[in-house]
Amino acid sequence: MQVSRPRLPKITQGKNDHLIATTGQQYIDLFSANGAVWLGHCHPVIVEGVREQLDNIWLTGALGTPIHDQALKLLSTFFPQTHKVSGIYSTGMEAAEFAIRVARASTQRNGLVGFEGCMHGKSLATAYLGWNNHNQVEIPFIHRLPFVSHCQEGKVIQQLEAVLKQRAIAAVLIEPFQASAGGHRASDNFYQTLHLLCQQYQTLLIFDEILTGFYRLGSPFFFSGLGFVPDIILLGKSIGNGFPASAVVVNRQYPIAPKMLPGSTFSDNPLAAAAIVATLGQIKSQDIVAKVELIHRLITESLQDLTELGVAVRGQGTLWVLELPEHLDVEVIITNIYQRGVIVSHTRNLIRLLPAVTIELQHLKTACAIILDELNQAIRQVRTSAK
């Protein structure tokens with residue numbers, strides 16, 4: 001999961017889908033700060049919302065604020081009455097840790113199940129749930145199962161049920177679209193079976209929608225078309241448009257108690273709440289679905305030739321992953337893409353495209369053309385050298 005990227009000039013300014021460096025060079029941004037800047041850099045309405053709050057109060061600790069109440073009310077409009085927004089935090093990792101505490105306290109169980117390749121954060125627990133890292137520590141009550149990218153769905157379900165039958169698992173956590181591990185997703189039936197198994201064995205199901213939430217894939221959330229609402233939903237990134245903000249939504253049948261340690265120094269931050277209010281207000285005021293569809297169509301059409309070059313293209317809406325053949329020098333390709341004025345996210349042999357929903361379509365078209373051209377050149381060079 002370690003992301004490396006060629007050295008770039010320092011960035012001094014951002015304007016919607018552009019980043020401006022100290023050198024004056026402008027870049028089309030398809031990175032969007034790991035997908036957090038959903039409505040573009042320095043959106044004027046969001047800037048004004050946070051600036052106004054700066055003049056009032058920044059942080060109150062456990063004391064309530066009107067802007068916090070407003071953020072909770074606005075967030076709640078995206079979810080059914082069965083669920084409640086149970087806290088505003090600063091990072092997705094912090095939200096995931098709180099969700100784990102909710103599940104363990106509610107079920108009186110310690111065990112957790114995660115899936116290989118899911119990204120829930122970089123604390124010991126959240127990292128161990130989904131991927132190996134250099135500081136790996138064995139956590140005996142956490143079970144990490146293969147995801148469907150490396151194992152047949154039926155076999156994954158069999159392994160899951162074998163663990164759940166022990167009735168020691170508090171929660172199953174899953175990132176339904178693996179944005180950091182190849183852009184893989186399971187079938188709808190897989191997620192529906194997962195939900196039913198969790199119900200059968202009194203285990204909470206936690207969906208990590210930190211990246212997929214709020215229309216990034218076209219629908220409000222990944223779970224929106226699955227016919228059920230997970231017990232706990234993790235939110236983040238786009239809800240603050242780049243301001244550190246996350247949230248946890250919990251089924252009301254699991255009331256929040258002090259033993260769950262729901263607070264932290266920066267939880268329920270008034271500035272984060274102001275960013276959330278302004279961001280969600282903008283999302284509600286626009287036809288986001290239509291914007292996402294246009295971006296989806298443009299990326300699909302622009303990059304369709306990549307499959308013939310041996311590049312796997314996976315994605316939906318405004319979240320795409322390009323898996324390059326292992327023999328390509330990805331660092332060189334990324335450096336060339338950067339030098340031509342496009343910023344993308346990459347790790348190992350994966351290139352991730354996370355354009356803001358406000359990106360100018362011509363800018364996106366230009367960026368896709370550059371990516372396609374650089375991959376074409378790299379693959380031609382390899383083929384020529386092999387002859």
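Student: What is the strand order in the open sheet of 7 strands?

Tutor: In this predicted model, the order runs β4-β12-β11-β10-β7-β5-β6, and the pairing is mixed.

Student: Why are β4 and β6 said to stand at the edges?

Tutor: Count partners. β4 (83-89) and β6 (142-145) each have a single partner strand, so one side of each is left without a neighbour in the sheet. As for twist, neighbouring strands here are turned by 20° against each other on average, ignoring direction.

Student: How do you know that β11 and β12 pair?

Tutor: Two strands pair if there are at least two bridges between them. β11 (residues 232-235) and β12 (residues 246-251) are joined by 4 bridges, so they pass, and they run antiparallel. For one contact point to look at, take Leu-234, whose bridge partner in β12 is Val-248.

Student: Which helix lies across β4, β11 and β12?

Tutor: That's α3, residues 66-76, and its angle to β4 is about 135°.

Student: What makes Trp-58 exposed?

Tutor: The cut-off for exposed is over 50% relative accessible area. Trp-58 has 52%, so it gets the label. You'll find Trp-58 in the loop between α2 (44-54) and α3.

Student: Which residues form the nonpolar patch on the surface?

Tutor: Trp-58 is one of them, with Leu-54, Leu-59 and Phe-266 making up the rest. Together they have about 410 Å² of accessible area.

Student: Why is Leu-364 called buried?

Tutor: Buried means under 20% relative accessible area. Leu-364 has 1%, so buried is the right word. Its place is in helix α11, residues 361-386.

Student: What is Leu-364 in contact with, leaving aside its neighbours within four places in sequence?

Tutor: Contact asks for heavy atoms within 4.5 Å. Leu-30, Ile-295, Leu-298, Ile-299, Pro-355 and Ile-359 are in contact with Leu-364.

Student: How far apart are Leu-364 and Thr-23?

Tutor: In sequence, 341 residues; in space, 23 Å from C-alpha to C-alpha.

Student: On to the sheet of 4 strands: which strands stand at its edges, and why?

Tutor: The order is β13-β14-β17-β16, an open sheet with antiparallel pairing. β13 (312-316) and β16 (345-347) each have a single partner strand, so one side of each lacks a neighbour in the sheet. From one strand to the next, the twist averages 15°.

Student: How do you know that β16 pairs with β17?

Tutor: Same bridge test: at least two are needed. β16 and β17 (residues 350-353) are joined by 3 bridges and run antiparallel, so they count as a pair. Here His-346 stands opposite Ile-351 in β17.

Student: What makes β14 mostly covered?

Tutor: Of the 5 residues in β14 (residues 319-323), 4 are buried, and for each of those that means under 20% relative accessible area.

Student: How many bridges does β14 have with β13, and how many with β17?

Tutor: β13 and β14 pair over 5 bridges, while β14 and β17 pair over 4; both pairings are antiparallel. Trp-320 in β14 is handy for tracing this: Gly-315 stands opposite Trp-320, and Trp-320 also stands opposite Leu-353 in β17.

Student: Where does Gly-317 come in?

Tutor: Gly-317 belongs to the hairpin of β13 and β14, which has 2 residues between the strands, and takes a positive phi near 60°.

Key:
Residues are numbered from 1 along each chain as its sequence is written. This is a predicted model: local features need pLDDT of at least 70, side-chain atom pairs count only at pLDDT 80 or more; totals for chains, interfaces and linings use all residues. Side-chain values use heavy atoms; hydrogens and water are left out. Axes are lines fitted to C-alpha atoms, for helices over the stretch in contact, and angles run from 0 to 180 degrees between N-to-C directions. Patches are made of residues with over 30% relative accessible area and no salt bridge: like charges are joined within 9 Å, nonpolar side chains (Val, Leu, Ile, Met, Phe, Trp, Tyr) within 5 Å. Accessible areas come from the Shrake-Rupley method with a 1.4 Å probe; for residues, only the protein chains shown count as cover. A salt bridge is a side-chain nitrogen of Lys or Arg within 4 Å of a carboxyl oxygen of Asp or Glu. Buried means under 20% relative accessible area, exposed over 50%, partly exposed in between (1.4 Å probe, protein chains only).
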